[in-house]
Structure formats: C-alpha cells, structure tokens
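Here is a short tour of one protein model and the ligand it holds. Have the sequence and the 3D view open as you read, and look up each residue as it comes along.

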Amino acid sequence: MRTFPISIGTPDGLLFQGDAERIVCRSITGDLAILAGHCNFCTALGMGEAHLVLEDGTRREAACIGGMLTMMDGSCRLLATTWEWKEDIDAERASRAKERASAKLAQGGLTDQEYKLVQAKLQRALVRLSVKE
Ligand code: ATP
C-alpha cells in the first residue's frame, strides 16, 4: 500500500516522524482517515481515539485531545494539544479523573464555565480509557 510522510507533535515536542499508510483521528466534524494521495486539507481536531498504521502494517493507537491536522502536497502534519500513545496512558489516573469529574457533575451547582471544564475532563478521561481497552 502507498505511504505518505507524517509528523505528529504537541507543543512539548515531536512524537513521530516517518511514513505511514494511514492516520485515523477525530476531527471536529467527525472521524477522519488520511491516506496517500489525499487532497490538500486542513481541519481542527476533536477529542477521540486515533491510530496510525505504519508501512509494515503496525498499528499504533493513541488518545488525541484536540489540535490541527494538515495535508499539504502529500505531507501530513498533526499538531495535537495532547497526544498520548496507548502504552503511555495511565489507566488508573484516567479512572480517578473520570470518578472526580462524574462526582462533580452529580453534585451539581456548577457554573456554566465549571460545567464545561468538568465535562471536558470527563471526555478526556473516557477517551483515554477507551484507548486502553
Ligand atoms: P488529570 O486530572 O489526571 O490531570 P486531565 O484530563 O485534567 O487529567 P490534562 O490536562 O488533559 O489532564 O493533561 C495534563 C498532562 O497530563 C498532559 O501532558 C497529559 O498527556 C498528561 N495526562 C493526563 N492524564 C493522563 C493519563 N491518564 N495518562 C497519561 N498521561 C496523562
């Protein structure tokens, strides 16, 4: 299968640079798959499971929490707000974050701003847990 060059990074640094057959992630308008030959494209990313399929067929799974993806002249760049490879996710930490966020939502009395922040924390925890499953 054809491959294309891709780099994946966060504001903390580069996490992957090489050739891939496919990158799949969640954009703000839905799930997205990029393959070699994709037209020039730019999108904001949402929160969700992502995976990268390498030249040799290896599939690397990750949690992607927001960012931007561009495909320009055959090269893909993914700059995520947070990107965690499956093996780097601490499931116990994510479970604790999920419990804390769920408890705050159940308790109620949150301002709109607090509600949105807690919802986002819960979403991040759920994405991490689902990548770990
Ligand atoms: P927590 O309440 O556990 O900090 P959070 O969703 O508020 O969770 P973030 O603000 O999204 O955490 O992330 C802060 C940093 O911690 C980022 O570098 C992120 O990659 C890392 N991180 C957060 N949760 C986990 C986890 N469960 N496993 C590995 N890294 C994590």
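## Glu84 and its partner

Let's start with Glu84, which you'll find in strand 6. Strands here are DSSP runs of E with at least two residues, helices are DSSP runs of H or I with at least four residues, and both are numbered from the N terminus. Glu84 counts as buried because its relative accessibility is 17%. The labels work like this: buried means under 20% relative accessible area, exposed means over 50%, and partly exposed is in between, using a 1.4 Å probe and protein chains only.

What does the side chain of Glu84 pair up with? A polar contact of 2.8 Å links it to the side chain of Arg128. A polar contact is a pair of N or O atoms within 3.5 Å; within protein, one must be able to donate a hydrogen and the other to accept it, and residues adjacent in sequence count only if both atoms are side-chain atoms.

## Before we go on

This is a predicted model, so to speak of local features a pLDDT of at least 70 is needed, side-chain atom pairs count only at pLDDT 80 or more, and totals for chains, interfaces and linings use all residues. Residues are numbered from 1 along each chain as its sequence is written, and side-chain values use heavy atoms, with hydrogens and water left out.

## Around the ligand

Glu84 and Arg128 are also both among the residues surrounding the ligand. The others are Thr82, Asp88, Ile89, Asp90, Arg93, Ala94, Ala97, Arg100, Lys121 and Arg124. To be near the ligand, a residue needs one of its heavy atoms within 4 Å of it. This shell splits into three nonpolar, one polar and eight charged residues. For that sorting, Ala, Val, Leu, Ile, Met, Phe, Trp, Tyr, Cys and Pro count as nonpolar, Asp, Glu, Lys and Arg as charged, and the others, Gly among them, as polar.

Which elements supply at least two shell residues each? They are strand 6 (75-85), helix 1 (91-107) and helix 2 (112-132). Helix 1 gives the largest share, with four residues.

## Contacts with the ligand

Now zoom in on three side chains that reach oxygen atoms of the ligand. A polar side-chain atom of Lys121 sits 2.4 Å from a ligand oxygen. For Arg124, the distance from a side-chain N or O atom to an oxygen of the ligand is 2.7 Å, and for a polar side-chain atom of Arg93 it is 2.8 Å. On its own, the ligand would expose 590 Å², and the protein buries 69% of that. These areas come from the Shrake-Rupley method with a 1.4 Å probe; for residues, only the protein chains shown count as cover.

## The whole chain

How many helices and strands does the protein chain have? There are two helices and six strands, and along the sequence they run β-β-β-β-β-β-α-α. The C-alpha atoms fill a box of roughly 50 × 25 × 25 Å along the principal axes. Of the 133 residues in the chain, 38% are buried.

## Some spots in the strands

Ile6 is in strand 1 (residues 4-10) and counts as buried because its relative accessibility is 3%. Its C-alpha atom is 5.8 Å from that of Gln17, although the two are eleven residues apart along the chain. Ala62, in strand 5, is buried with a relative accessible area of 0%. Between the C-alpha atoms of Ala62 and Cys25, 37 residues apart along the chain, there are 9.1 Å.

Ser27 belongs to strand 2 (residues 13-27). Is Ser27 buried or exposed? Ser27 is buried, because its relative accessibility is 6%. A polar atom of the Ser27 side chain lies 3.1 Å from the backbone nitrogen of Thr29.

## Out in the open

Ala106 lies in helix 1 and is exposed, with a relative accessible area of 68%. The C-alpha atoms of Ala106 and Ser27 are 29 Å apart, with their positions 79 residues apart along the chain.

Asp73 is in the loop between strand 5 (59-72) and strand 6. Asp73 counts as exposed because its relative accessibility is 67%. Most residues other than glycine have a negative phi. Asp73 has a positive phi of about 50°, although it is not a glycine.
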